[in-house]
Amino acid sequence: MSLDLCEALIYDYGCPGRGAHSQWPAAEAAPPAIPAALKRKQRAALPEVSELDALRHYTRLSQLNFSIDTHFYPLGSCTMKYNPRACNAAAMLPEFLGRHPLASARHSQGFLSCMYELQEMLQEVTGMQGVALTPMAGAHGEFAGVAMIRAYHRARGDLKRNEIIVPAAAHGTNPATATMCGCVAREVAVGADGDVDIQALRAAVGPQTAGIMLTNPSTLGVFERRIEEVAQIVHDAGGLLYYDGANLNAILGKVRPGDMGFDVIHMNLHKTFSTPHGGGGPGAGAVGVGPRLLPLLPQPIVTRTVEEGQPHYRWLDAHDLPLSIGRLAGFMGNAGVLLRAYVYMRMLGRAGMSRVGEFATLNSNYLHKRLQQAGFTAAYPQRRASHEFILTLKPQLQELGVSAMDVAKRLLDFGFHAPTTYFPQLVPECLLIEPTETESKETLDAFVAAMSEVLREAASTPEVLRTAPHRMPVRRLDDVRAARELDLAHRPAVLG
């Protein structure tokens, strides 16, 4: 086998007896004797390669990945944008890395001051009155938000309120979170214009309504124009409003969820505020609340006092927050992600954060119009895009037999990661495209050119799309079979 093959397994680079002996532990560091019953009957089938072979193999594998560092990544509803290296460098300062999570407040004043200022900045940018940084992911923040809504009603003796309204365009985690918190999810329709169906909402609310979960702009890529009316309807019914912060990048510095009438919000700091996300983490899903839920915030929270004329920072815990829903994670969550968010916000400042929303929306609307001019069908052509927008490939499927997945796979051959496919599900054959604010016009134009070429291929040689990708190390997989017959075990070849 040629050693140039990127898809080769690491076993293919080795031979018996080869190894990185300089990395072996010293004899005196060997573990104590292992009982005979627990010892292997034969040597583990590990690859026998040199240190250099191992380095080259894993470097080659990393170069096969699509990432923000290497490709345009227009993954709708995920805000896959470039994050400044300065944020990571600051978060990796030895003074931060060397701080033990059990260190006392007295020995953590620098870190605590950063966390306090982060809380204050997040309050300001969202229009909330309090922020807790503990949740360690967006879904974790959702759990905290709905748990606070549920606790609010329970504390008031309103035990019948166990229904969470979820628009048809909501993220899939929303109904799951409602269920995890012991509530019942009730879906309401979305109108043909992309806005929540107000009449359906009026019919859904009642004494059983605990709240509504939605994001604005929605996953349909449009701004909910009647959000104040939605808030009034839910509040008049005795419910609360939860804001899914996945799309906060679109309105940063322009409009605040608190001003729209929301009572609680989670923020994806790993999307909007600088940590590169994907692959399962790490994340941070800080939550902000209005006055009704302020006493219920999860602990701990950083507070600031003045002692002998100097600012002093400390944790607020269960003693200080008797009505809190409790502790949701060890210590204070993902400190590195929080620090990156803090540095990012300090670097941008108020004016910079406003530009994030401006350029995210500008890039999205530019792509929206250019792709329509190229022949693609917009799902909501009468609406202006927010930070993202939806194309529907339903005409191509009906006329040419080419699906949204076929287009997505073919884009890989042009060096672009595909947009989100088949979400939200209420738009058939959809591509959800989010360019973010960090991409240049040249990159967007190159993406339009690639999409236009794919569309021409769909009309002339549709089989090229149906069998794509053609230039990747791995060709198209049978996704259904891979999911149902997952096999990750390596079985070494028998030498003979």
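User: What makes the link between the side chain of Thr209 and the backbone nitrogen of Gly206 a polar contact?

Analyst: In this predicted model, the side chain of Thr209 reaches the backbone nitrogen of Gly206 at 2.9 Å. The cut-off for a polar contact is 3.5 Å between N or O atoms. The value of 2.9 Å is within that cut-off, so the pair counts as a polar contact.

User: Why is Thr209 called buried?

Analyst: Thr209 has a relative accessible area of 0%. Buried means under 20%, so Thr209 qualifies. Thr209 is found in strand β4 (residues 209-214). Leaving aside residues up to four places away in sequence, Thr209 touches several others, among them His153, Arg161 and Glu163.

User: Why is His107 called exposed?

Analyst: The relative accessible area of His107 is 59%. Exposed means over 50%, so His107 is exposed. This residue, His107, lies in the loop between α3 (94-97) and α4 (109-126). A polar contact of 2.9 Å also joins its side chain to that of Ser104.

User: What makes Leu64 partly exposed?

Analyst: Leu64 has 32% relative accessibility. Partly exposed lies between the 20% and 50% cut-offs, so Leu64 falls in that class. Leu64 sits in the loop between α1 (51-63) and α2 (85-91). Together with Tyr58 and Leu61, Leu64 forms a nonpolar patch on the surface, with about 260 Å² of accessible area together.

User: How many aromatic pairs does the structure hold?

Analyst: There are 6 aromatic pairs.

User: Why is the pair of Phe273 and Tyr344 called edge-to-face?

Analyst: The ring centres of Phe273 and Tyr344 are 6.4 Å apart, and the planes are at 75°. Centres within 6.5 Å make a pair, and planes over 60 degrees apart make it edge-to-face, so both conditions are met. Phe273 is in the loop between α10 (269-272) and β7 (285-289), while Tyr344 is in helix α11 (residues 335-373). The pair therefore ties together parts that are 71 residues apart in sequence. Both residues, Phe273 and Tyr344, are buried.

User: How do you know that Phe416 and Phe447 are edge-to-face?

Analyst: Their rings are 5.5 Å centre to centre, with 80° between the planes. That angle is over 60 degrees, so edge-to-face is the right label. Phe416 lies in the loop between α13 (404-413) and β12 (420-421), and Phe447 in helix α14 (residues 441-460). Ring pairs also link Phe72, Phe416 and Phe447 into a cluster.

User: Are Phe416 and Phe447 buried or exposed?

Analyst: Phe416 has a relative accessible area of 10%, and Phe447 has 0% relative accessibility. Both values are under 20%, so Phe416 and Phe447 count as buried.

Definitions and conventions:
Residues numbered from 1 in each chain as written. Predicted model: local features only at pLDDT ≥ 70, side-chain atom pairs only at ≥ 80, totals over all residues. Heavy atoms only, no water. Patch = residues over 30% accessible without salt bridge, like charges linked within 9 Å, V, L, I, M, F, W, Y side chains within 5 Å. Areas by Shrake-Rupley, 256 points an atom, 1.4 Å probe, with all protein chains shown as cover. Salt bridge = Lys/Arg side-chain N within 4 Å of Asp/Glu carboxyl O. Helix = DSSP H or I, 4+ residues; strand = E, 2+ residues; numbered from the N terminus. Buried < 20%, exposed > 50% of the residue type's maximum accessible area, 1.4 Å probe, protein only. Phe/Tyr/Trp six-rings, centres within 6.5 Å; stacked < 30°, edge-to-face > 60°. Polar contact = N/O pair within 3.5 Å; in protein donor to acceptor, adjacent residues only side chain to side chain. Contact = heavy atoms within 4.5 Å.
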